[in-house]
Amino acid sequence: MSLDALPAGATIGIIGGGQLGRMSAMAAARLGYQVHVLSAEDAPPAEDTAYRVTIGAYDDEAVLRHFAETVDVITFEFENISTEGLELLASLRPVHPGKHILATSQDRIREKTFLGDQDIPVAPWVSVPDETQLAKAASQLGVPFLLKTTRFGYDGKGQFRITDEGSLSQHAADLPYPLIAEGFVDFERELSVMVARNAHGAVRCFSVTENQHREGILDLSLAPARIPVALAEEAERLARRIAETIGLIGILGVEMFVAADGTLLVNEIAPRPHNSGHWTMDACLIDQFEMHIRAVAGLPLPEPFRHSDAVMKNLIGPEGIALCDAVLEQSGLALHLYGKRECRPGRKMGHVNALFPLGALPGPYGIAAQFDAALQPELSS
């Protein structure tokens, strides 16, 4: 262990008390650390696994100062937090990933500009600061195209499809500006790469993952992705380049499209553990959460060892919770519930991991069928 590594017994502060904070706290405990969670919501999922929880606003200076005094290093589990608050925290304790990374990832214009400046391929896009720029976006990108809020969008929220000139003029005055407009990508599949980097410059990538969405929310993740080896290596190279260029300390999710012509386009970056990396909890000796904690704490980052192929299925809303009994009855399925007190439609309540021998993962339609068959008693009720 290096001299500047966080010693066992130290306290890691995590901003955000959702399921990512919950599972990060579990990983930190395995490494001998305590976790203090700062949550803006009462009864957060992370309160079940953290050593300490503070409920308070992310922009309350008194709350932030008190929180910083109780921890040795700070990280975060989601992007929708105040950059001003994070800047205050960074003046008091080390914050990983750095506040400049958060500022980049939580603003789509900054994010796209950063990627473009590094010659990272992205879909064509145009900034739309107000209604007057919509026609310009339409002329540059062509119809149809996609409008996205510049901040606070996730799981398909904050996105608007412009399918024709009529819908453009009909909704123009009611859109939540500022926005960015993105040209539609004729993509063959969606991928993601979880990449970790520590302060010593060690960079590690988990297997490239193939993702399928339903109604804008991640449904299935398959690891490894069903793509040629050369394309997987290129996806890892892009993820490593982003992590190194941006100065990452922690873990970063890089979402990508495989275009119809086989080229890769980076869609978004997320400087935190990521839903599409949950398969690592059962298929790897060191999962994405431990790798993140190791990077934040200054510990060594071994090469990820994936001992099995895997598929992750999200459990969404009441329909997802209804599957739990069937999941618990099946061998070969690992259930992870998030301890959320309220079950709402569209809310991620947990996930299920299924493992397969290396090289034996079925294709995406095959694994979906296997899940449906395994859970058929609940699905048909």
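Select G142 in this predicted model. G142 sits in the loop that links α6 (134-141) to β6 (145-149). Its relative accessibility is 26%, so G142 counts as partly exposed. Add P345 to the selection: 203 residues separate G142 and P345 along the chain, and their C-alpha atoms are 34 Å apart.

Next, select residues 19-30, which make up helix α1. With twelve residues at 1.5 Å a residue, α1 should span 16 Å. The C-alpha atoms at its two ends are 17 Å apart, which agrees. Just after the helix comes G32, with a positive phi near 90 degrees.

Keep α1 selected and look at what surrounds it. Nine of its twelve residues are buried, so the rest of the structure largely encloses this helix. The buried residues are Q19, L20, G21, R22, M23, S24, A25, A27 and A28. To see their packing partners, show the strands β1 (11-15), β2 (34-39), β16 (333-337) and β17 (348-356), together with the helices α9 (280-283) and α10 (288-297).

Two of those partners, β1 and β2, lead to the next stop. Select β1 to β4: these four strands form an open sheet, ordered β3-β2-β1-β4, with parallel pairing. At the edges are β3 (52-55) and β4 (73-76); each has a single partner strand, so one side of each has no neighbour in the sheet. From one strand to the next, the twist averages 20 degrees. Strands in a sheet pair through backbone hydrogen bonds, in a parallel or antiparallel manner.

Now zoom in on β1 and β2. The two strands run parallel and are joined by five bridges. Pick G13 and look across to β2, where H36 stands opposite.

The last stop concerns aromatic rings. How many aromatic pairs does the structure hold? There are two. For one of them, select F187 and F257: the ring centres are 4.8 Å apart and the planes meet at 25 degrees, so this pair is stacked. F187 belongs to strand β9 (residues 187-197) and F257 to strand β13 (residues 250-259), so the pair ties together parts that are 70 residues apart in sequence.

Finally, colour the two residues by accessibility. Is F257 buried or exposed? F257 counts as buried, at 12% relative accessibility. F187 is partly exposed, with a relative accessible area of 36%.

Conventions: Residues are numbered from 1 along each chain as its sequence is written. This is a predicted model: local features need pLDDT of at least 70, side-chain atom pairs count only at pLDDT 80 or more; totals for chains, interfaces and linings use all residues. Side-chain values use heavy atoms; hydrogens and water are left out. The expected span of a helix is 1.5 Å times one less than its number of residues. Buried means under 20% relative accessible area, exposed over 50%, partly exposed in between (1.4 Å probe, protein chains only). Contact means heavy atoms within 4.5 Å. Rings of Phe, Tyr and Trp (its six-membered ring) pair if their centres lie within 6.5 Å; planes under 30 degrees apart count as stacked, over 60 as edge-to-face and the rest as tilted. Two strands pair if DSSP finds at least two bridges between them. Axes are lines fitted to C-alpha atoms, for helices over the stretch in contact, and angles run from 0 to 180 degrees between N-to-C directions.
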